[in-house]
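Dear colleague,

Please find the structure below for your records. My findings follow it.

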Amino acid sequence: MPQKAWSKKRERQYEHIKDSQESRGVGEDRAEEIAARTVNKNRAQAGESKTASKTSTDDMSPQRRGGQRSGRPGPRGRTKDQLYAEARKKGIKGRSSMTRQQLLDALNG
């Protein structure tokens with residue numbers, strides 16, 4: 001799935017991440033998705049992409065994060081921005097004034 005806009009460095013990074021994921025037992029489709037998302041986020045943070053979301057540029061890099069927010073419950077779960085975006089998609093009222101915990105409760109309840 002390497003894209004035309006990617007440099008040789010980003011293509012190598014994509015292949016490395018994809019191979020690493022596959023060696024861990026992740027399916028090929030999922031490994032490609034993880035690799036592409038990681039490379040695109042790194043490109044956004046480095047200013048290499050034409051458009052970038054606020055969460056891509058303001059968040060820590062995928063390498064530094066190291067799976068801290070991989071869907072597990074608890075304090076290392078999704079960020080407030082991620083929860084807010086999900087609440088917006090679901091049409092939850094009053095989300096703008098909610099805390100992270102309140103957003104979690106509204107989404108789970």
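Helix α1 (residues 8–23) has 16 residues and should span 22 Å at 1.5 Å a residue, and the 23 Å between its end C-alpha atoms agrees with this. The expected span is 1.5 Å times one less than the number of residues; helices are DSSP runs of H or I with at least four residues, numbered from the N terminus.

This is a predicted model: local features need pLDDT of at least 70 and side-chain atom pairs count only at pLDDT 80 or more, while totals for chains, interfaces and linings use all residues. Residues are numbered from 1 along each chain as its sequence is written, and side-chain values use heavy atoms, with hydrogens and water left out.

In α1, the buried residues (under 20% relative accessible area, 1.4 Å probe, protein chains only) are Arg10, Gln13, Tyr14, Ile17, Lys18 and Gln21. They lie on the same side of α1, because they cover an arc of only 130° around the axis, taken from the directions from the helix axis to the C-beta atoms. Exposed residues (over 50%) on the other side are Lys8, Lys9, Arg12, His16 and Ser23. Gly25, just after α1, has a positive phi of about 100°.

The largest nonpolar core (buried Ala, Val, Leu, Ile, Met, Phe, Trp, Tyr and Cys residues joined through side-chain atoms within 4.5 Å) consists of seven residues: Leu83, Ala87, Ile92, Met98, Leu103, Leu104 and Leu107. Helices α5 (80–90) and α6 (100–108) each supply at least two of these, and α6 gives the largest share, three residues. A second, separate core of six residues includes Trp6, Ile17, Ala35 and Ala36.

Yours sincerely

Methods:
Helices (H or I, at least four residues) and strands (E, at least two) are DSSP runs, numbered from the N terminus.
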